[in-house]
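Reader: Could you walk me through this one? I'd like to learn how to read its features.

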Amino acid sequence: MLLTAVRALRFDGDHSRALEAIPPSKWPEFLALCDAAHISLALAARRGNAAPAELRSRLVRNAVRHERILDAHREVTAAMEAHGVEFLVLKGLTHTGFWNDAGKHRPQYDIDLYVPPPMAGDAVRALESLGYGRCEEESRGSDHLPVMVRRTGWRWRGDYFDPDQPLAAEVHF
């Protein structure tokens, strides 16, 4: 089934007939595979209105999530500045930018920040001031401090595009 999704992503013609051939009873399994492979958004964007509603709904939820991600980045930026932390945003929004809709078609689950090593502690305190806490004790051999996530009480419900899913934050050095 995953091969069907990959074929539907091809740019050398319209391959939506393969999607249309998936029986309705198989769509939940197909969507679960696409979600786990992180290609649901690309598939929905590529197929546009030809994509089934169940697939297009992922774009809608991720668009809401994207707006919340932008808000989170603004909030983190303000906290870093308030704590005097020099930083760069890595990955994530740097691939799509703040200025276009491309981010709505790309899943994002964390905020990656580079800080000069002497400012790493200040960066952690800035994130803690926003309610972020460590998820793990240490990251041996890693290029970042332990992953941090905002404690909201949110629980995984099987939806990769849940707008309420909190972002993790990684302070790279």
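**Reading a loop glycine, then the sheet**

Author: Sure, let's start with a glycine. G92 sits in the loop that links β1 to α6 (93-96). Keep in mind that this is a predicted model.

Reader: Is G92 buried or exposed?

Author: The cut-off for buried is under 20% relative accessible area. G92 has 6% relative accessibility, so it counts as buried.

Reader: Which residues is G92 in contact with, leaving aside its neighbours within four places in sequence?

Author: Those are R106 and Q108. You can also look at I111: it is 19 residues from G92 along the chain, and the two C-alpha atoms are 7.0 Å apart.

Reader: Where does G131 lie, and what does its relative accessibility make it?

Author: G131 is in the loop between α7 (120-129) and β3. Partly exposed is the class between 20% and 50%, and G131, at 34% relative accessibility, therefore counts as partly exposed. Beyond its neighbours within four places in sequence, G131 is in contact with V149, R150 and R151. From G131 to M148 you go 17 residues in sequence, with 9.5 Å between the C-alpha atoms.

Reader: Let's step back to the whole chain. How many helices and strands does it have?

Author: Seven helices and five strands. Read from the N terminus, the elements go α-α-α-α-α-β-α-β-α-β-β-β.

Reader: And what is the order of the strands in the sheet?

Author: The general idea first: strands of a sheet pair through backbone hydrogen bonds, and the pairing can be parallel or antiparallel. Here the five strands form an open sheet in the order β1-β2-β5-β4-β3, and the pairing is mixed. β1 and β3 (132-134) are the edge strands, each paired on one side only. On average, neighbouring strands in this sheet are turned by 35 degrees against each other, ignoring direction.

Reader: Which helix packs on the sheet?

Author: That's α5 (residues 53-82), which touches β1, β2, β3 and β4. The direction of α5 makes about 30 degrees with that of β2.

Reader: In which sense do β1 and β2 pair?

Author: β1 (residues 88-90) and β2 (residues 110-114) are antiparallel, with three bridges. To find the register, look for V89, which stands opposite L113 in β2.

Reader: What about β2 and β5?

Author: β2 pairs with β5 (residues 168-172) in the parallel sense, over five bridges. In that pair, D112 is opposite E170 in β5.

Reader: And how do β3 and β4 run?

Author: They run antiparallel, and three bridges join β3 to β4 (residues 148-150). Here R134 stands opposite M148 in β4.

Reader: Now pockets. How much space lies in the largest pocket, and which element gives the most to its lining?

Author: The idea is that rolling a probe the size of a water molecule over the atoms shows where empty space is left. In this model the largest pocket holds about 200 Å³ of space. Its lining has 14 residues, with R68, A72, Q165, P166 and L167 nearest the centre. α5 gives the most to that lining, with six residues.

Reader: Last one: what percentage of the chain is buried?

Author: Buried residues are 40% of the 173 in the chain. The chain exposes about 9,500 Å², and carbon and sulfur atoms supply 54% of that area. As for contacts between residues at least 6 apart in sequence, 63% join residues at least 24 apart.

Technical notes
Residues numbered from 1 in each chain as written. Predicted model: local features only at pLDDT ≥ 70, side-chain atom pairs only at ≥ 80, totals over all residues. Heavy atoms only, no water. Pairing = 2+ DSSP bridges. Helix = DSSP H or I, 4+ residues; strand = E, 2+ residues; numbered from the N terminus. Buried < 20%, exposed > 50% of the residue type's maximum accessible area, 1.4 Å probe, protein only. Contact = heavy atoms within 4.5 Å. Areas by Shrake-Rupley, 256 points an atom, 1.4 Å probe, with all protein chains shown as cover. Axes fitted to C-alpha atoms, helices over the stretch in contact; angles between N-to-C directions. 1 Å grid on protein atoms, 1.4 Å probe; cavity = no way out; pocket = protein on both sides within 12 Å on 5 of 7 lines; lining within 4 Å. Points joined across faces, edges and corners; volume = space filled by probe spheres on them.
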